[in-house]
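Welcome! Here is a short tour of how one helix packs into its surroundings, followed by a look at the nonpolar cores.

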Amino acid sequence: MTTDHSRTAELERHLGDPFDDANPVGFGALLEADERGEMPAAAERALDDYGFNAEFVPVELGGRLSRLDDVVAALRCLYRRDPSLGLGYGMSSFIASVNVWLAGDDRQRRTAAELILGNHRLAAAYHELAHGNDLSGAECSLVDVDGTPVLRGRKEVVTNVRRAQGMILFARTDERPGSRSHSQILLDKRALDRTRLRDLPRFPSSGMRAVQLHGIEFEDCPVPPHSILERGRGLETAIRSFQITKTLTPAVMCGPVETGLRVALRHLTTRPLYGGTATDLPHVRSALTGVFADLLLVECFGAAAIRAVHVLPAEASVYSAVYKHFGSAVLLDAMNTLSDLLGAHFYLRTGPTAIFQKLLRDVRLVGFGHAARAACESIVLPQLPVLARRSWSEPRPEDAPAELFDLDAPLGPLEFHRLGLSAGGRDHLTGSLTESVSRLGGPAAALGELFRTEHAALTRDCRALGPADLTITAGAAASDLVTRLGHVHTAASVLGLWRHNIGGGGLPDAPVWPHALLARLHGRLKGRPAPLPQAAEEALYAELLDRFHTGRAFDLTARLLPDGQGAARE
């Protein structure tokens, strides 16, 4: 996705070549920190020096935040090195701060901005072990004691809650049942009575080992009266903010998968085998090409979903949840495929491939972290019948705005207030399928028609859903509907990007890549990611090798990486 490449390049140069053993922000140092279960101190100092936290603060408050794809590009620089660094240094603060930008008053927004720009962290204290993703069951509460608001209860498994200077706390503020029973509270620890706080022990984890997961307990802790963000709207604010942060999660997790693919190529292109190298074997080339295709599929859907927050914010509730649901599954499959190709080298903790075992452990968070796939389904399922009866059933579907796909088109401001709790039956992304498919020719046209047919079948099935099929307790068949919608949305994204970025966007030859990606996607839809058609596979593999050897990114930009990671030097 197009962004300010000069800014990204500057950050990459500041961090240096991750494959350089002497680099304090390189894979060697990051692996050592992972083994110790500590955040990499040198890397965090480098990011402080760069002023990385300004990426999360709106321009009008002194930061650099104006476009969501800029945030993704910056975070991806971290995630492709070390997801623990991406989450523990930056993403956790962004997840918390979005709630303030969305629902805070001027004073609260200034407070959050000052904390973040001062290189302090914000923690998003939502989680309670007893309730998991069920925010409505949260027991930590803000109560009135003799006219003073005080906090009671605990939060657990919260990133950076011990290291953070500030936090967004999700707490019950009304004992009555209903959607207005909880609020979000902005806390600055400097304004709290520390004798009323108790740090809970750390929760060790198998992946993201360096990320500090702790809990906190409040014992009648007084809080300033101006701390609440829109009393009674905590759940609504969380749902709307998640539309932004859920969209970011698979997009930034493409970073470690890209590095995993690069590490595999470095190993397999130089590994002697049967008188040649491992990549001389057809099945190895097919598997590598399939991973590249999967990465591009997630990139394409991600580009549309991220731009939709600007272009179609009222529809973001569907796109964000479906993208998280689809993208997490595909990225996990891709890393598992790469681990099979690496064989015994995928779990070694020393040597040239050592970073892979860490990335494999860390990437698993994409499936359950922040919002699990089941939670995404709970957002989408109630909207399926409305979508089926409204925009999906229109005789002439309304095409999506060109800005949704044109990677060179300017994006309007992030207008948080335009994010809705539901899409109201609107879905311009699938509406673009008809026009996109009409532009196709050759084998890709037949595949495009298959996805139009699939969308028609999905529409019929969703129109037939009953009330029992629309809740979190729905069966596997209802869950499968969300999976199918993910594939239709991805097909629409692939074709929309092709239609509006022919000859650009960092993608392979225009007639070839839609055929390759749709073939891969259709195989996934049918539960069997089959080998790509020979011509498409050869073209995509040639593109992959060219990017690898010339040191270019495997994303939609195909930008030159300033650290020269392309060469297979071991």
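## Helix packing and cores

The crossing of α4 and α7 is right-handed. In this predicted model, the axes of α4 (residues 68-79) and α7 (residues 234-268) come within 8 Å and cross at roughly 40°. On the α4 side, the contact is made by Leu-68, Val-71, Val-72, Leu-75, Arg-76 and Tyr-79. The α7 side includes Ile-244, Leu-248, Ala-251, Val-252 and Glu-258. By character, the residues of this contact divide into twelve nonpolar, one polar and two charged.

Is α4 enclosed or open to its surroundings? Twelve of its twelve residues are buried, so α4 is largely enclosed by the rest of the structure. Among the buried residues are Asp-69, Asp-70 and Arg-76 as well as Leu-75 and Leu-78. The buried residues of α4 pack against α1 (5-15), α3 (41-50), α5 (83-103), α7 and α8. From its first C-alpha to its last, α4 reaches 16 Å, close to the 16 Å expected at 1.5 Å a residue.

Now for the nonpolar cores, set side by side:

| Core | Size | Residues named |
|---|---|---|
| Largest nonpolar core | 164 residues | Most contacts inside it: Phe-52, Trp-101, Leu-288 and Leu-384 |
| Another core, apart from the largest | 20 residues | Among them Ala-123, Leu-192, Leu-197 and Ile-216 |

Helix α8 (residues 282-311) gives the most to the largest core, with 19 residues. Trp-101, one of the residues with the most contacts inside that core, is worth a closer look. Not counting residues up to four places away in sequence, Trp-101 touches Phe-56, Val-57, Pro-58, Leu-61, Leu-65, Arg-109, Ala-112, Ala-113, Ile-116 and Phe-416.

Technical notes:
Residues are numbered from 1 along each chain as its sequence is written. This is a predicted model: local features need pLDDT of at least 70, side-chain atom pairs count only at pLDDT 80 or more; totals for chains, interfaces and linings use all residues. Side-chain values use heavy atoms; hydrogens and water are left out. Axes are lines fitted to C-alpha atoms, for helices over the stretch in contact, and angles run from 0 to 180 degrees between N-to-C directions. Helices (H or I, at least four residues) and strands (E, at least two) are DSSP runs, numbered from the N terminus. A crossing is left-handed if the near helix is turned anticlockwise from the far one by less than a right angle, and right-handed if clockwise. Contact means heavy atoms within 4.5 Å. Ala, Val, Leu, Ile, Met, Phe, Trp, Tyr, Cys and Pro count as nonpolar, Asp, Glu, Lys and Arg as charged, and the others, Gly among them, as polar. A nonpolar core is a set of buried Ala, Val, Leu, Ile, Met, Phe, Trp, Tyr and Cys residues joined through side-chain atoms within 4.5 Å. Buried means under 20% relative accessible area, exposed over 50%, partly exposed in between (1.4 Å probe, protein chains only). The expected span of a helix is 1.5 Å times one less than its number of residues.
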